[in-house]
Amino acid sequence: MLPKLMAANWKMYKATAQARASAEELCTLLPVTPEQREILVCPPFTAIAAVAAVFAGKPGFLTGAQNLYPKEEGAFTGEISPDMLKDAGARWVLTGHSERRSLFGESDAQVGAKTAFALAQGLNAVLCIGETLDQREAGQLEQVLARQLAAGLADVPPSCPPVCLAVAYEPVWAIGTGKVAGPKEILEAHALVRRLLCEKLGMSRELRILYGGSVKPDNASEIIGLDNVDGVLVGGASLQAESFSRIVRA
Ligand code: PGA
(Lines give C-alpha, C1' and ligand atoms only; values in the text may rest on other atoms or scores of the structure.)
Protein backbone atom coordinates (compact mmCIF):
# COMPACT_ATOMS: atom_id res chain seq x y z
CA MET A 1 0.00 0.00 0.00
CA LEU A 2 1.20 3.50 -0.82
CA PRO A 3 1.49 5.99 2.04
CA LYS A 4 -1.49 8.30 2.56
CA LEU A 5 -1.01 11.53 0.65
CA MET A 6 -1.69 14.54 2.88
CA ALA A 7 -1.86 17.50 0.52
CA ALA A 8 -2.05 21.23 1.21
CA ASN A 9 -3.42 23.65 -1.36
CA TRP A 10 -2.33 27.14 -0.35
CA LYS A 11 -4.27 28.72 -3.23
CA MET A 12 -3.43 32.42 -3.70
CA TYR A 13 -2.04 32.89 -0.21
CA LYS A 14 1.49 33.51 1.09
CA ALA A 15 4.31 35.48 -0.51
CA THR A 16 7.76 33.91 -0.43
CA ALA A 17 8.76 34.85 3.12
CA GLN A 18 5.48 33.63 4.61
CA ALA A 19 5.60 30.43 2.58
CA ARG A 20 9.16 29.71 3.66
CA ALA A 21 8.24 30.36 7.31
CA SER A 22 5.20 28.05 7.10
CA ALA A 23 7.25 25.30 5.46
CA GLU A 24 9.94 25.62 8.14
CA GLU A 25 7.36 25.52 10.90
CA LEU A 26 5.81 22.42 9.37
CA CYS A 27 9.21 20.71 9.37
CA THR A 28 9.72 21.67 13.02
CA LEU A 29 6.28 20.36 14.00
CA LEU A 30 6.86 17.15 12.03
CA PRO A 31 10.54 16.35 12.61
CA VAL A 32 9.97 12.97 11.02
CA THR A 33 7.22 12.17 8.55
CA PRO A 34 4.61 10.09 10.38
CA GLU A 35 4.58 6.49 9.26
CA GLN A 36 2.61 5.77 6.12
CA ARG A 37 2.21 9.45 5.33
CA GLU A 38 3.49 11.69 2.54
CA ILE A 39 3.15 15.45 2.82
CA LEU A 40 2.56 17.52 -0.29
CA VAL A 41 2.46 21.31 -0.19
CA CYS A 42 1.24 23.27 -3.23
CA PRO A 43 2.11 26.95 -2.75
CA PRO A 44 1.60 29.73 -5.32
CA PHE A 45 4.10 29.60 -8.23
CA THR A 46 6.29 32.36 -6.77
CA ALA A 47 6.86 30.39 -3.54
CA ILE A 48 7.53 26.94 -5.02
CA ALA A 49 11.31 27.35 -4.99
CA ALA A 50 11.37 28.56 -1.39
CA VAL A 51 9.21 25.67 -0.15
CA ALA A 52 11.16 23.12 -2.19
CA ALA A 53 14.41 24.43 -0.68
CA VAL A 54 13.05 23.98 2.86
CA PHE A 55 11.87 20.43 2.06
CA ALA A 56 15.09 19.40 0.27
CA GLY A 57 16.53 16.31 1.89
CA LYS A 58 13.45 15.71 4.06
CA PRO A 59 12.01 12.35 3.05
CA GLY A 60 8.26 12.37 2.64
CA PHE A 61 7.99 16.15 2.16
CA LEU A 62 6.96 17.05 -1.39
CA THR A 63 6.35 20.29 -3.25
CA GLY A 64 3.71 20.79 -5.92
CA ALA A 65 2.08 23.43 -8.08
CA GLN A 66 -1.59 24.33 -8.45
CA ASN A 67 -1.80 24.56 -12.23
CA LEU A 68 0.17 24.24 -15.46
CA TYR A 69 -0.19 24.89 -19.17
CA PRO A 70 0.01 21.81 -21.41
CA LYS A 71 2.75 22.99 -23.78
CA GLU A 72 6.53 22.82 -23.56
CA GLU A 73 6.99 26.53 -24.30
CA GLY A 74 5.69 29.20 -26.64
CA ALA A 75 3.70 32.39 -26.95
CA PHE A 76 1.28 31.71 -24.08
CA THR A 77 1.37 34.92 -22.07
CA GLY A 78 0.86 34.38 -18.39
CA GLU A 79 1.10 30.59 -18.47
CA ILE A 80 3.65 28.18 -17.01
CA SER A 81 5.05 24.91 -18.33
CA PRO A 82 5.83 21.64 -16.55
CA ASP A 83 9.57 22.18 -17.12
CA MET A 84 9.34 25.57 -15.43
CA LEU A 85 7.54 24.02 -12.47
CA LYS A 86 10.16 21.28 -12.21
CA ASP A 87 12.89 23.88 -12.51
CA ALA A 88 11.38 25.68 -9.50
CA GLY A 89 11.36 22.43 -7.52
CA ALA A 90 7.80 21.12 -7.97
CA ARG A 91 7.33 17.38 -8.40
CA TRP A 92 3.53 17.36 -8.33
CA VAL A 93 0.74 19.45 -9.81
CA LEU A 94 -2.99 19.77 -9.18
CA THR A 95 -5.25 19.59 -12.24
CA GLY A 96 -8.94 20.39 -12.53
CA HIS A 97 -9.40 22.02 -9.14
CA SER A 98 -13.01 23.19 -8.92
CA GLU A 99 -11.87 26.82 -8.71
CA ARG A 100 -10.02 26.39 -12.01
CA ARG A 101 -13.12 24.86 -13.54
CA SER A 102 -15.67 27.34 -12.20
CA LEU A 103 -13.74 30.64 -12.03
CA PHE A 104 -11.46 30.16 -15.04
CA GLY A 105 -13.72 28.11 -17.25
CA GLU A 106 -11.49 25.03 -17.58
CA SER A 107 -13.31 22.34 -19.49
CA ASP A 108 -13.10 18.59 -18.88
CA ALA A 109 -11.04 18.32 -22.07
CA GLN A 110 -8.56 20.99 -20.94
CA VAL A 111 -8.20 19.27 -17.59
CA GLY A 112 -7.52 16.01 -19.40
CA ALA A 113 -4.88 17.66 -21.60
CA LYS A 114 -3.17 19.16 -18.54
CA THR A 115 -3.19 15.89 -16.61
CA ALA A 116 -1.75 13.84 -19.48
CA PHE A 117 0.84 16.47 -20.37
CA ALA A 118 1.99 16.88 -16.76
CA LEU A 119 2.52 13.11 -16.47
CA ALA A 120 4.24 12.90 -19.85
CA GLN A 121 6.63 15.63 -18.76
CA GLY A 122 7.56 13.82 -15.56
CA LEU A 123 5.37 15.57 -13.01
CA ASN A 124 3.02 13.64 -10.76
CA ALA A 125 -0.60 14.79 -10.89
CA VAL A 126 -3.58 15.07 -8.56
CA LEU A 127 -6.69 15.20 -10.73
CA CYS A 128 -9.50 16.94 -8.84
CA ILE A 129 -13.13 16.05 -9.48
CA GLY A 130 -16.41 16.71 -7.71
CA GLU A 131 -20.05 17.56 -8.14
CA THR A 132 -21.91 20.79 -7.33
CA LEU A 133 -24.83 20.79 -4.91
CA ASP A 134 -27.29 21.15 -7.80
CA GLN A 135 -25.81 18.14 -9.55
CA ARG A 136 -25.93 16.07 -6.36
CA GLU A 137 -29.52 17.05 -5.68
CA ALA A 138 -30.46 16.20 -9.25
CA GLY A 139 -29.11 12.67 -8.73
CA GLN A 140 -26.21 13.22 -11.12
CA LEU A 141 -23.33 12.23 -8.86
CA GLU A 142 -22.29 9.15 -10.82
CA GLN A 143 -22.76 10.82 -14.18
CA VAL A 144 -20.64 13.85 -13.22
CA LEU A 145 -17.81 11.86 -11.64
CA ALA A 146 -17.76 9.38 -14.52
CA ARG A 147 -17.55 12.21 -17.04
CA GLN A 148 -14.82 14.11 -15.17
CA LEU A 149 -12.76 10.95 -14.66
CA ALA A 150 -13.11 9.73 -18.23
CA ALA A 151 -12.16 13.12 -19.68
CA GLY A 152 -9.54 13.87 -17.03
CA LEU A 153 -7.75 10.58 -17.69
CA ALA A 154 -8.58 10.22 -21.39
CA ASP A 155 -4.93 10.28 -22.43
CA VAL A 156 -3.45 8.64 -19.35
CA PRO A 157 -2.57 5.00 -20.00
CA PRO A 158 -3.80 2.44 -17.42
CA SER A 159 -0.14 1.46 -17.09
CA CYS A 160 0.57 4.81 -15.40
CA PRO A 161 2.37 3.91 -12.14
CA PRO A 162 -0.05 4.47 -9.24
CA VAL A 163 2.57 6.46 -7.35
CA CYS A 164 2.50 9.16 -10.07
CA LEU A 165 -1.19 9.92 -10.08
CA ALA A 166 -3.90 10.56 -7.49
CA VAL A 167 -7.54 11.57 -7.77
CA ALA A 168 -9.01 14.05 -5.30
CA TYR A 169 -12.75 13.82 -4.76
CA GLU A 170 -13.85 17.27 -3.67
CA PRO A 171 -17.58 17.92 -3.58
CA VAL A 172 -17.80 21.55 -4.70
CA TRP A 173 -20.39 22.35 -2.03
CA ALA A 174 -17.91 21.35 0.69
CA ILE A 175 -14.95 23.46 -0.50
CA GLY A 176 -14.26 26.44 1.69
CA THR A 177 -17.78 26.34 3.07
CA GLY A 178 -17.22 24.57 6.39
CA LYS A 179 -19.69 21.93 5.16
CA VAL A 180 -18.02 18.54 5.24
CA ALA A 181 -19.48 15.58 3.46
CA GLY A 182 -20.52 13.04 6.09
CA PRO A 183 -18.86 9.62 6.36
CA LYS A 184 -21.72 8.02 4.45
CA GLU A 185 -21.38 10.43 1.53
CA ILE A 186 -17.60 10.11 1.46
CA LEU A 187 -17.71 6.30 1.57
CA GLU A 188 -20.27 6.19 -1.19
CA ALA A 189 -18.45 8.64 -3.46
CA HIS A 190 -15.03 7.07 -2.92
CA ALA A 191 -16.36 3.57 -3.61
CA LEU A 192 -17.89 4.93 -6.78
CA VAL A 193 -14.62 6.62 -7.84
CA ARG A 194 -12.71 3.40 -7.13
CA ARG A 195 -15.16 1.40 -9.21
CA LEU A 196 -15.04 3.86 -12.12
CA LEU A 197 -11.23 3.99 -12.02
CA CYS A 198 -10.76 0.23 -11.91
CA GLU A 199 -13.65 -1.12 -13.93
CA LYS A 200 -14.28 1.59 -16.49
CA LEU A 201 -10.78 3.00 -16.93
CA GLY A 202 -8.63 -0.01 -16.04
CA MET A 203 -6.47 1.97 -13.61
CA SER A 204 -4.52 0.37 -10.79
CA ARG A 205 -6.36 -0.44 -7.57
CA GLU A 206 -3.48 1.20 -5.75
CA LEU A 207 -4.22 4.64 -7.15
CA ARG A 208 -4.75 7.02 -4.26
CA ILE A 209 -8.12 8.71 -3.87
CA LEU A 210 -7.97 11.81 -1.69
CA TYR A 211 -10.91 13.53 -0.04
CA GLY A 212 -11.09 17.32 -0.02
CA GLY A 213 -13.58 19.86 1.23
CA SER A 214 -13.42 21.51 4.68
CA VAL A 215 -11.02 18.95 6.15
CA LYS A 216 -9.97 20.20 9.60
CA PRO A 217 -7.88 18.82 12.48
CA ASP A 218 -11.03 17.67 14.28
CA ASN A 219 -12.57 15.70 11.40
CA ALA A 220 -9.40 14.47 9.67
CA SER A 221 -8.89 11.24 11.58
CA GLU A 222 -12.44 10.03 10.95
CA ILE A 223 -12.14 10.86 7.24
CA ILE A 224 -8.72 9.33 6.76
CA GLY A 225 -9.92 6.11 8.42
CA LEU A 226 -12.69 5.51 5.87
CA ASP A 227 -12.44 2.82 3.20
CA ASN A 228 -10.94 4.04 -0.08
CA VAL A 229 -9.70 7.30 1.46
CA ASP A 230 -5.99 7.37 0.71
CA GLY A 231 -5.28 10.93 1.70
CA VAL A 232 -6.75 14.42 1.93
CA LEU A 233 -6.50 17.69 0.03
CA VAL A 234 -6.75 20.60 2.42
CA GLY A 235 -7.26 24.28 1.65
CA GLY A 236 -8.12 26.63 4.52
CA ALA A 237 -6.87 24.42 7.35
CA SER A 238 -3.50 23.92 5.64
CA LEU A 239 -2.53 27.59 5.82
CA GLN A 240 -1.51 27.32 9.47
CA ALA A 241 1.35 24.87 9.94
CA GLU A 242 0.05 23.91 13.36
CA SER A 243 -3.39 22.91 12.10
CA PHE A 244 -2.02 21.15 9.01
CA SER A 245 0.49 19.20 11.12
CA ARG A 246 -2.41 17.89 13.23
CA ILE A 247 -4.20 16.79 10.06
CA VAL A 248 -1.05 15.04 8.83
CA ARG A 249 -0.82 13.12 12.12
CA ALA A 250 -4.54 12.25 12.16
P1 PGA B 1 -10.98 23.71 1.86
O2 PGA B 1 -10.42 23.64 0.36
O3 PGA B 1 -10.20 22.72 2.68
O4 PGA B 1 -10.72 25.13 2.29
O5 PGA B 1 -12.43 23.38 1.81
C6 PGA B 1 -10.14 22.42 -0.24
C7 PGA B 1 -9.63 22.63 -1.64
O8 PGA B 1 -10.01 23.63 -2.27
O9 PGA B 1 -8.83 21.84 -2.17
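Two exercises with worked solutions follow, on His97 with the ligand and on an aromatic pair.

This is a predicted model, in which local features need pLDDT of at least 70 and side-chain atom pairs count only at pLDDT 80 or more, while totals for chains, interfaces and linings use all residues. Residues are numbered from 1 along each chain as its sequence is written, and side-chain values use heavy atoms, with hydrogens and water left out.

**Exercise 1.** Locate His97, decide whether His97 is buried or exposed, and describe its polar partners.

*Solution.* Begin with the chain: His97 lies in the loop between strand E4 (92-95) and helix H4 (98-103), where helices (H or I, at least four residues) and strands (E, at least two) are DSSP runs numbered from the N terminus. Next, His97 counts as buried because its relative accessibility is 5%, and buried means under 20% relative accessible area, exposed over 50%, partly exposed in between (1.4 Å probe, protein chains only). Then take the polar atoms: a polar atom of the His97 side chain lies 2.9 Å from the backbone nitrogen of Glu99, and an N or O atom in that side chain is 2.7 Å from an oxygen atom of the ligand. Finally, a polar side-chain atom of Glu170 lies 2.6 Å from an oxygen atom of the ligand.

**Exercise 2.** Describe the aromatic pair that Tyr169 and Tyr211 form.

*Solution.* A search of the whole structure finds three aromatic pairs (ring centres of Phe, Tyr or Trp, its six-membered ring, within 6.5 Å; planes under 30 degrees apart are stacked, over 60 edge-to-face, the rest tilted). Tyr169 and Tyr211 form a tilted pair, 6.3 Å centre to centre with 50° between the planes. This pair links strand E6 (residues 165-169), which holds Tyr169, with strand E7 (residues 208-212), which holds Tyr211, 42 residues apart. Both Tyr169 and Tyr211 are buried.

Definitions and conventions: A polar contact is a pair of N or O atoms within 3.5 Å; within protein, one must be able to donate a hydrogen and the other to accept it, and residues adjacent in sequence count only if both atoms are side-chain atoms.
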